[in-house]
Amino acid sequence: MTTDTGEATMRTETPAARAGDEPPGASRSERLSALAQQHGALVTLVIAVIVASLGFDTFLTGDNLKNMALSSAFLAVVALGMTFVVVTGGIDLSVGSLFALGGVLAAWGSQYGTAVALLLPLAVCGLVGLLNGLLIARSGLAPFIVTLAAMLGARGVLLALTDEGSRTYLVDKDTFFAGLGQDSLLGVGVPVWITLVLFVLGAVVLRRTRFGQYVYAVGGNEDAAALMGAPVARTKVAVYTLSALCAGLAGALNAAWLLSGVTILGSGMELEAISAVVIGGTLLTGGFGFISGSLVGVALLKVIQNVINQIGSLDSAYQQVVSGAFLAVVVVAQTWLGRRRRVL
Amino acid sequence: MTELSLAPGAVDRDRALRLLQDYGVYGGVLALLLFNFVFTPHFASAENFRTQAVQVAPVLIVALGMALAIGTEGVDLSVGSVMALSTSLLSLYLGYGPWTATLIAVAGGVVAGLASGALVAFVGVQPIVATLASMVAARGLALVLLPQLKDVHDPGLAALGSGDVLGVPHLALIAAALALLVAFVVRRSTFGRQLLAIGDSRPAARLAGLPVRRVLVVVYVCSGALAAIAGVLATARLTASDPTSLGTLMELSAITAVVVGGTPLSGGRVRIGGTVAGAVLIQLLTTTLVKHDLPPSWTQIAQAVVIVAAVYAARERGKR
């Protein structure tokens, strides 16, 4: 099973394993490692929440939970788009810059009405994503280098738009657009509702549509997908566009929440989003993953962040150390689980 | 003026890449030099070249390590954060004298490289992810050790940062020495041969009995150590430790230098001369744009375009 062909066969089989119907003859430990892969993040999240609520009286209060949900919403939308990209076996490093660019464009556009404030960032970010996708899918360039360049380019455009970052566009508090970030529905912020709706939509698209199956097929084995007749290039262009659109929308919502287009946002966000996706059980090698996992991953990251903030004596820089170490542990565990499943 | 400053460089380089294949990057450097000699006032002065050399040195040193990682079909995203870690350690242990502090800083880089290398070699994690994790962790650690900017007052370090030998700055000399050393290792040593073989085809290298894991770990350790040295030199030049901003986007500059220099991302080939020229090219490009009063945002956009163009050209070359 160490040969390339063996690996390729196993990887194309993973979509079947994802749906829960293991191939006959799957041993118990095989099923156990699949379960750990799927639900490990959720179990960790439950444990983290229990520990946090026992340790800090302020953790399980309505206000704290509401704030956490609201501040996770934007990262969650970015992670949603990232999940699609990672399932195809790619990576999108440009989302942090696009998030900031989307916010600035939305804040600038909000003076012309809600439609402009939402459509302008979506159009510009979508265009960048389309360009990423075309370069990756049609020209066969490595995803990380193309999106790295897009990250730099988008940040450059942002700086050019804002007098080298010195000007901050404000959003008028009384507009409908500001309401998208500021209002609450049934006690929960509107961005949280939008995020939940988007996740349900994303899960349906990935699991129940032809496009979603193509995404898994491309990630599982690109050549096999092409031979099967899946539109590999089109699928790839679509996922990078989708990821950029999600980042732009998240940026726009964030601008509505903050009432301004803050230029310094979003650096390091690509790492957070990728971490969340990976923690949620999606394999970076592609072909295996789920939308709900990314939501759990975002929640887990935010709970850890919240706990570190609550321990007053700890520097907030520890957050990065813990996040980095946590990401490493998760990746090691995943590789180990994956290898186990392949060997057994 | 905007169009003028970009177009000749880009067109020349593109044509040169097709004609000269591997020597395109040298053509680009030459074109930018010629352009600047003609159009940029005060460009052809010794003082200017000294400044350029000092500015390019840290990027160049980081790019050398990056070239090794890319040669094994990997990449090291943690280099910028390792620079920050190194500057934190340096200013923290400066009380023991500059040499001890430098050693500790480099040791920090080695440990960071060891961590990424172990993840890549022994666990089998993709290099992007493994070094992403150490990128986040190392930056955090740097900020934990030294929360904010701190001035570094040390005569030894100051001499290192701003001194020169026969008019050539120390930083440039160190960078040149390291480039020669790495070029020698890649071309003439067993380790270099093994590195290239692994980058070409890891299964084949394993079947040939090469110590694949050990070589991979050593590659990331080298990359970490070189990044740490760059961090020390950058601190010496700035006479301040700034763990928040030192080395941000350095991984991007280093990858650009390596890729523009003609080292393919698919591994199996390392071009140190091209990497040096690639770093110089980016430095010249930035200088050209800055000297013609274009804002930093334009520099970023230009750099993004150059990266994509270089990777695209490399792809064309690979096909033939």
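Modeller: Domain bounds come from an automatic or database domain assignment. The structure above is a predicted model. For chain B, the assignment gives domain 1 (1–37 + 283–320) and domain 2 (54–270).

Colleague: How far apart do the C-alpha centres of domain 1 and domain 2 of chain B lie?

Modeller: The C-alpha centres of these two domains of chain B lie 25 Å apart. Their contact takes ten residues from domain 1 of chain B and eight residues from domain 2 of chain B. On the side of domain 1 of chain B that touches domain 2 of chain B, helix H14 (residues 296–319) of chain B gives the most, with seven residues. That side of domain 1 of chain B divides into six nonpolar, three polar and one charged residue.

Colleague: How do you know whether the radius of gyration of chain B agrees with that of a compact globule?

Modeller: A compact globule of 320 residues would have a radius of gyration near 20 Å, and chain B has 19 Å, so the value agrees with the rule. Along its principal axes, the C-alpha trace of chain B spans about 50 × 50 × 35 Å. The secondary structure of chain B consists of 14 helices and four strands, and 55% of its 320 residues count as buried. Among contacts in chain B between residues at least 6 apart in sequence, 75% join residues at least 24 apart.

Colleague: Why is B:Val259 counted as buried or exposed?

Modeller: A residue is buried if 20 or more other C-beta atoms lie within 10 Å of its own. B:Val259 has 28 C-beta neighbours inside 10 Å, and therefore counts as buried. This residue is placed in helix H12 of chain B. Leaving aside neighbours within four places in sequence, B:Val259 has contacts that include B:Leu265, B:Ile307, B:Ala310 and A:Ile145. The C-alpha atoms of B:Val259 and B:Val25 are separated by 9.9 Å, although the two residues are 234 apart along the chain.

Colleague: A:Ile145 belongs to the other chain. How many residues of chain B are in contact with chain A?

Modeller: In chain B, 35 residues are in contact with 37 residues of chain A. Helix H5 (98–123), helix H6 (127–145), helix H12 (250–260) and H14 of chain B each supply at least two residues of the side that touches chain A. By class, this side of chain B has 26 nonpolar, seven polar and two charged residues.

Colleague: What makes B:Leu249 partly exposed?

Modeller: The class of partly exposed residues lies between the cut-offs, which are 20 or more C-beta atoms for buried and 12 or fewer for exposed. B:Leu249 has 16 other C-beta atoms within 10 Å, so it is partly exposed. B:Leu249 is in the loop between strand E4 (240–241) and H12 of chain B. Its phi is near 65°, a positive value in a residue other than glycine.

Colleague: Why is a positive phi worth a remark?

Modeller: Most residues other than glycine have a negative phi. B:Asp293 also has a positive phi, of about 60°, although it is not a glycine. B:Asp293 is found in the loop between H13 and H14 of chain B.

Colleague: Why is B:Asp293 counted as buried or exposed?

Modeller: The cut-off for an exposed residue is 12 or fewer other C-beta atoms within 10 Å. B:Asp293 has 8 C-beta neighbours inside 10 Å, and so counts as exposed.

Colleague: How do you know whether the span of helix H8 of chain B agrees with its 19 residues?

Modeller: At 1.5 Å a residue, the 19 residues of helix H8 (residues 170–188) of chain B should span 27 Å, and the end C-alpha atoms are 26 Å apart, which agrees. In H8(B), the residues B:Leu171, B:Ala172, B:Ala175, B:Ala179, B:Val182 and B:Val186 are buried. Seen down the axis of H8(B), the buried residues fall within an arc of 95°, and therefore line one face of the helix. The face turned away from that buried side carries exposed residues, including B:Ala177, B:Phe184 and B:Arg188. The elements against which the buried residues of H8(B) pack include helix H3 (46–71) and helix H11 (212–238) of chain B.

Colleague: What makes H4(B) count as mostly covered?

Modeller: In H4(B), 13 of the 14 residues are buried. For helix H4 (residues 79–92) of chain B, the expected span is 20 Å and the end C-alpha atoms are 20 Å apart, which agrees.

Definitions and conventions:
Residues numbered from 1 in each chain as written. Chains lettered and ligands numbered in written order. Predicted model: local features only at pLDDT ≥ 70, side-chain atom pairs only at ≥ 80, totals over all residues. Expected span 1.5 Å × (residues − 1). Arc of directions from axis to C-beta. Contact = placed C-beta atoms within 7 Å. Nonpolar A, V, L, I, M, F, W, Y, C, P; charged D, E, K, R; others polar. Rg over C-alpha atoms; globule rule 2.2 N^0.38 Å.
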